[in-house]
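Here is a walk through a structure you may not have met before. Have a look at the sequence and the model, then read on for the details.

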2 protein chains.
Amino acid sequence: MRSPTGNFLIAQGGGPTAVINASVAGAVLEAFDRLDASSQVWGAKGGITGLLNETFIGLRQQPNGIWDGIRVAPGAALGSCRKKLTEEDVACAVALCRKHDIRYFFYVGGNDSMDTANMLSKAAQASGYEMLVAGVPKTIDNDLAETDFCPGYGSAARFYAQAMIDLGMDIRSLPTPICLMEVMGRNAGWLTAATMLARRAPDDAPHLIYVPEVRLSREKFLADVKEVYDRQGWVVIAISEGMCDEKGESLSLPTGKVSADGFGHRMVGDVAPALARLIMGELGLRARNEKPGLIARASSHHVSPVDREVAEGVGRFAAQRVFAGETDFMAAIRRESDPPFRVSYFPVPLEKVANAERLLPAEYVADGGNDIAESFREYAEPLVGGELRRYARLRW
Amino acid sequence: MRSPTGNFLIAQGGGPTAVINASVAGAVLEAFDRLDASSQVWGAKGGITGLLNETFIGLRQQPNGIWDGIRVAPGAALGSCRKKLTEEDVACAVALCRKHDIRYFFYVGGNDSMDTANMLSKAAQASGYEMLVAGVPKTIDNDLAETDFCPGYGSAARFYAQAMIDLGMDIRSLPTPICLMEVMGRNAGWLTAATMLARRAPDDAPHLIYVPEVRLSREKFLADVKEVYDRQGWVVIAISEGMCDEKGESLSLPTGKVSADGFGHRMVGDVAPALARLIMGELGLRARNEKPGLIARASSHHVSPVDREVAEGVGRFAAQRVFAGETDFMAAIRRESDPPFRVSYFPVPLEKVANAERLLPAEYVADGGNDIAESFREYAEPLVGGELRRYARLRW
C-alpha cells in the first residue's frame, strides 16, 4: 500500500446539487485526517478547468469550522464547469498534476465528469505518472450507471414531490383547469417520476406524468389532457424538460442559435410553456405552466436528510479507498435494507460509468405512457428522506 | 348595536396565498366565539359562485382541531373563483342571502373581490336587506390601496428572495452566464422588487431587476445585460411576468386564443423564456430561465411568521368590527413601529379599495429603471419575517 503523501486535488463538474458540497466535505475531511501536514489539500476552481488554469483553492487554509457551513450550501463550493477535454487538454492536465505533485485526484460529478476522470487517469498511467483517481457520483438526474441512486437525486425529488403537493392544493381550489409543471432531466425521467410521491388520494395531483423515455405525440397528449379534464374538471401535469415527440424532436420552444452546452448536449427546457400554448390553442382551455428550474436543486429547504448523509458518506468512502491505494473507480451505492433504510458503498470501474446513462426502466412507466407505476414508490420514497408535508382540507 | 344573530358566510376570491386560510381561520374562530349556536357559520364553496350556486360548507360541522391544520394549508380552503358579477348576479346573490338569512358576509380577496363585496352590500342596502359586509385583504401582489401591505405578500416575497439567494449560489458556481427568474405580478412590481432582499455583497444576485411599472425596450434590456456580463461574466435577472415594452405590449410569448381571465385581465407570464431567447439570439450567450410560478405562493416552507400572524389578525379584526355593527369596510393594516415591528388594524371604506391598484412607488425604482433602490429594504424586510438563509462560501 502506498503511504498517503503527495498533494490532493478535488474538483466538481457539471450542474450542482443540493448536497454536492457534502460529498466534497466528506472527501476533504477524510484527507485532512489521513494526509500528513506537508501535503496540500486543494480544490480546483471551476472543475477541471481549475486544473488546466492552475487555479487551486487552498482547503487547509480555510477558516475553522467552515465545512459545517459548506456541506449545507447550495451551488458547487469549488465552482464547476462543463468542459469536454481534448487530447491536448488531457496531456496538459497530466503535466500539471506532475508539476504540482498531485497524487490524489477526485472528481465529483456525473457521467461526463467520470469520463474526464477516466481519461485523466489513463493518460497519467500511460505517461508513467503515479496518481490515484476516484469519481464521486453526483447528479439530480439519477442517471449514473452501476449505483442504486445518485446523491443529489433524493433532495431534488423531494423538492418536486413537495412542490407538486403544494401546487395541487392551489390548483384544486381554483377554477384554473390546467397546470403543467416542468421537471428537470434531459433524457432520464427519474425526477419527473418522483412527482408521483405527491399522490395519496386518486384525485391528487399529478394526474398525468410524462417522462422522456417515452416519446409523446401532440395528439396523444391533447387526448390525455381532454380525457382527465372531462372526467374531473382539472388537470395537473408533470412533464420532463427533455420530452420529445414521436419523431424524436424536442417538444420545447425553439432556442435559436445557442443550442448546446460544452459537451454538445442539446439545450432542453421550456416544454411546459410550449404545451400550455398547445392546450390553449387546440382545446381552448386556460393552461398555466410552472418551471422551478434550478431552484429545485438549489433549495436548501428541501434537502433530504438521507441524501445528505449518503452524499457525505460516498465522499468519505472514495477517499478511504484511495488512501488504501485503490484507483480508477467511482464510489457507488448499494441499498442493503429497507426498512430500516441502509446503504453500503462499493467501487465500480470508472470506465463502466463514463458516459453511460441509466434511464428510467420501462417497468416504472404505467401502461399508456402517461403515468408512473405504483411500484416506483418503493424505490423513490426512502430517498426523499421522510414524510412530505401534507395538509388539512375542509370536508365539503 | 345589532345583536350577533343570523347566519355567517365567508368566501375566498382570486388566487390563494400561503396565508389566506389563516385569515379565514381568524374570522371564523371569532364567529364561533361571538355568534349564538343557532347561527350557521358557512363557507361559500368556490368564492362568490358558492353563494350563487348555494353550495355552502358547514364550518361548525368540521372535525375538532381542523383549524390548526387549515390555517397553515396552501390553496384556498373554501375554494376560490375569478368571477365578475353581472347586475343580475348581484340581484340573485342578495336574494339568496335573504333566503338563507345571511346577515354577515366576508370576502377574503384582492381588489376584484372588494369590488364584488361592495356591489353586494350596496345592492342589499338598496333592497332593504340588512347584512353586514366586510372585506379581508389578501394578495401576493401587494397592490391593494389604503393598507401598508397585504397579507400573503410577505410570504411570497420571502419565497422569491430566498429562491434568488439559492439560485445565485448555483449560477455563481457555474459557467452558465445568464439566468432570468420570472416573478409574479401583472401590473405591480412589489414581488419582483423583493428579490433585492437577496443581496448583501455588491456582486450578489440579482444584478438586474425589472418591474412592470417601468416599460422596457428590448434594446435597453440587451444593453443592460451586456454591460453586466462584460463587467462580471455572469448575470442573474429578476423580471416581472407583467413586463411590457415601450409601446405597452407584453414582452411575453404570445398566448394565442385564450388570453384573459374572468375579470378580463390579460394573461401574463412566460416573459423570461421570451427574453432568454432574445439574449441567445442577439448576444449569442446561453441564457436559462426559471419560473417558480404558483409554487411561490403555495410553498409552506417559506411562510413568513409575521405574514401569517397578520393574516389571522386582520381576519379576526374584520369579524370583531362586523359583530360591533360596522359594515362596508376592508380591514387595513397600519405599521405602528419598527423595530419592534408592530401593526394595528383599521377599517377603510370598501369603495376606496374596490378596483383600485397600488403600484410600486417610483421612489423605489433605481435610476435607470433596471434595479430597486436600497430604501425598499426598510419597507419589505420586516414583512418577510426574519432572516433568510445565507450560506458559507470558501475563500478563493
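Let's start with disulfides, meaning pairs of cysteine sulfur atoms within 2.5 Å. A search of the whole structure turns up zero of them over all chains. Take C92(B): its closest cysteine sulfur belongs to C97(B) and sits 9.6 Å away, which is too far for a bond. The view from C97(B) matches, with its closest cysteine sulfur, in C92(B), at 9.6 Å.

How open are these two cysteines? The scale used here is relative accessible area with a 1.4 Å probe and protein chains only: buried is under 20%, exposed is over 50%, and partly exposed is in between. C92(B) is partly exposed at 34%, whereas C97(B) is buried at 0%.

A word on the ground rules: this is a predicted model, where local features need pLDDT of at least 70 and side-chain atom pairs count only at pLDDT 80 or more, while totals for chains, interfaces and linings use all residues. Residues are numbered from 1 along each chain as its sequence is written, chains are lettered from A and ligands numbered from 1 in the order in which they are written, and side-chain values use heavy atoms, with hydrogens and water left out.

**Where the chains meet**

Contact here means heavy atoms within 4.5 Å. On that basis, 74 residues of chain A are in contact with 74 residues of chain B. The size of an interface is often given as the accessible area lost when the parts come together. Buried area is that loss (1.4 Å probe), summed over both parts. Between chain A and chain B it comes to about 6200 Å², with carbon and sulfur atoms giving 61%.

There are 25 residue pairs in polar contact between chain A and chain B, with both residues at pLDDT 80 or more. A polar contact is a pair of N or O atoms within 3.5 Å; within protein, one must be able to donate a hydrogen and the other to accept it, and residues adjacent in sequence count only if both atoms are side-chain atoms.

Which parts of chain A face chain B? At least two residues each come from α3 (66-70), α6 (153-172), α9 (271-283), β9 (287-290) and α10 (295-298) of chain A. Of these, α6(A) gives the most, with seven residues. These labels follow DSSP runs, numbered from the N terminus: helices are H or I runs of at least four residues, and strands are E runs of at least two. By residue kind, the side of chain A that touches chain B divides into 39 nonpolar, 19 polar and 16 charged.

**Salt bridges**

Side chains of opposite charge can pair when their charged atoms come close. The cut-off for a salt bridge is a side-chain nitrogen of Lys or Arg within 4 Å of a carboxyl oxygen of Asp or Glu. The structure holds 55 of them over all chains, and four run between chain A and chain B. Here are some examples.

| Pair | Closest N to O distance |
|---|---|
| R277(A) and D270(B) | 2.9 Å |
| K352(A) and E146(A) | 3.9 Å |
| D203(A) and R172(A) | 3.1 Å |
| R200(B) and E387(B) | 3.1 Å |

K352(A) is in helix α12 (residues 350-353) of chain A and E146(A) in the loop between β5 (132-137) and α6, so their salt bridge ties together parts 206 residues apart in sequence. K352(A) is partly exposed at 46%, and E146(A) is partly exposed at 38%.

D203(A) is partly exposed at 28%, but its partner R172(A) is buried at 18%. Over in chain B, R200(B) and E387(B) are both exposed.

**Two more spots in chain B**

S217(B) lies in the loop between β7 (208-210) and α8 (218-232) of chain B, and is buried at 18%. Its side chain reaches the backbone nitrogen of K220(B) at 3.0 Å.

E336(B) is found in strand β10 (residues 329-337) of chain B and is partly exposed at 40%. Leaving aside residues up to four places away in sequence, E336(B) touches R342(B), V343(B) and S344(B). With S344(B), there is a polar contact between the two side chains at 2.5 Å.

Definitions and conventions: Buried area = accessible area lost by both parts, 1.4 Å probe. Nonpolar A, V, L, I, M, F, W, Y, C, P; charged D, E, K, R; others polar.
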